[in-house]
Amino acid sequence: MVGGSTEDSGQVLLVGSSGGHLAQLLALEPWYRDRHRAWVTFDTPDARSLLDGEDVVWAYHPTTRNVRNLIRNAFLAFRVLRRRRVDAVVTTGAGVAVPFVVAARLRRVPTVYIEVYDRIDSATLTARLCRPFLSAMLVQWEEQRRMYPEATVVGNLL
């Protein structure tokens, strides 16, 4: 079921920047297919096309070195988590993930971070910022466990 009522059942909130981060979340489709879900991403042509018919919350961008949009997304995160019954937040990053992970953790909502597949030798800034607030850290390569020894290897999403 797409989206679903916020009154009857909790949702999985899938949070990711548009582009590659969103593509990796979309690759989880067999897992989320039958779940109530909502998306948080940027309002870009590719995201609009890929998420047509889905329940989407458009976040503010750009997020890189943009304190104003970080603050706006923090308010958005708290508003979304207050108005919806969210059972878990799942994210691949990037900047939009930080306020949603922090807000979810403060509301005792489980948070899952999936490190992107193209960062094998160093941790992403977003993962480092989110890490203290995570319920689970997932990686796509065994080599990524050097940066995240507590992580579970799930294999490549793409």
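Contact means heavy atoms within 4.5 Å. This is a predicted model, in which local features need pLDDT of at least 70, side-chain atom pairs count only at pLDDT 80 or more, and totals for chains, interfaces and linings use all residues. Residues are numbered from 1 along each chain as its sequence is written, and side-chain values use heavy atoms, with hydrogens and water left out.

**Exercise 1. Identify the residues that Leu13 contacts, leaving aside neighbours within four places in sequence, and place Leu13 in its nonpolar core.**

Step 1. Leu13 is in contact with Ala38, Val40, Val80, Leu81, Val86, Ala88, Val89, Val90 and Phe100, once neighbours within four places in sequence are set aside.

Step 2. A nonpolar core is a set of buried Ala, Val, Leu, Ile, Met, Phe, Trp, Tyr and Cys residues joined through side-chain atoms within 4.5 Å. Buried means under 20% relative accessible area, exposed over 50%, and partly exposed in between (1.4 Å probe, protein chains only).

Step 3. The largest nonpolar core has 18 residues, of which Leu13, Val15, Val40, Leu81, Val89, Val96 and Phe100 touch the most other members. At least two residues of this core come from each of strand 1, strand 2, strand 3 (56–59), helix 4, strand 4 and helix 5. Helix 4 supplies the largest share, four residues. Helices (H or I, at least four residues) and strands (E, at least two) are DSSP runs, numbered from the N terminus.

Step 4. A second, separate core of 16 residues includes Leu14, Leu26, Leu28 and Val56.

**Exercise 2. Determine which residues of helix 5 are buried and which elements they pack against.**

Step 1. Helix 5 spans residues 97–106 and is mostly covered, with seven of its 10 residues buried.

Step 2. The buried residues are Ala97, Val98, Pro99, Phe100, Val101, Ala103 and Ala104.

Step 3. Their packing partners are strand 1 (11–16), strand 2 (37–42), helix 4, strand 4 (86–93), strand 5 (111–114) and helix 6.

**Exercise 3. Describe the volume and lining of the largest pocket.**

Step 1. On a 1 Å grid over the protein atoms alone, a cavity is a set of points where a 1.4 Å probe fits but cannot get out, and a pocket is an open set with protein on both sides within 12 Å along at least five of seven lines; lining residues have an atom within 4 Å of a point.

Step 2. The largest pocket holds about 240 Å³ of space. Its lining consists of Thr63, Arg65, Asn66, Val67, Asn69, Leu70, Asn73, Gly95, Val98, Leu125, Thr126 and Leu129.

Step 3. Two or more lining residues come from helix 4 (67–83) and from helix 6 (125–130). Helix 4 gives the most, with four residues.

**Exercise 4. Locate the cis peptide bonds at Pro62 and Ala94, and the positive phi angles of Arg65 and Arg108.**

Step 1. His61 and Pro62 are joined by a cis peptide bond with omega about 5°; Pro62 is in the loop between strand 3 and helix 4.

Step 2. The bond from Gly93 to Ala94 is also cis, with omega near -5°, and Ala94 lies in the loop between strand 4 and helix 5.

Step 3. Arg65, although not a glycine, has a positive phi of about 55°. Arg65 is exposed, at 83% relative accessible area.

Step 4. Arg108 has a positive phi of about 60° and is not a glycine. Arg108 sits in the loop between helix 5 and strand 5 and counts as exposed at 76% relative accessibility.

Conventions
Points joined across faces, edges and corners; volume = space filled by probe spheres on them.
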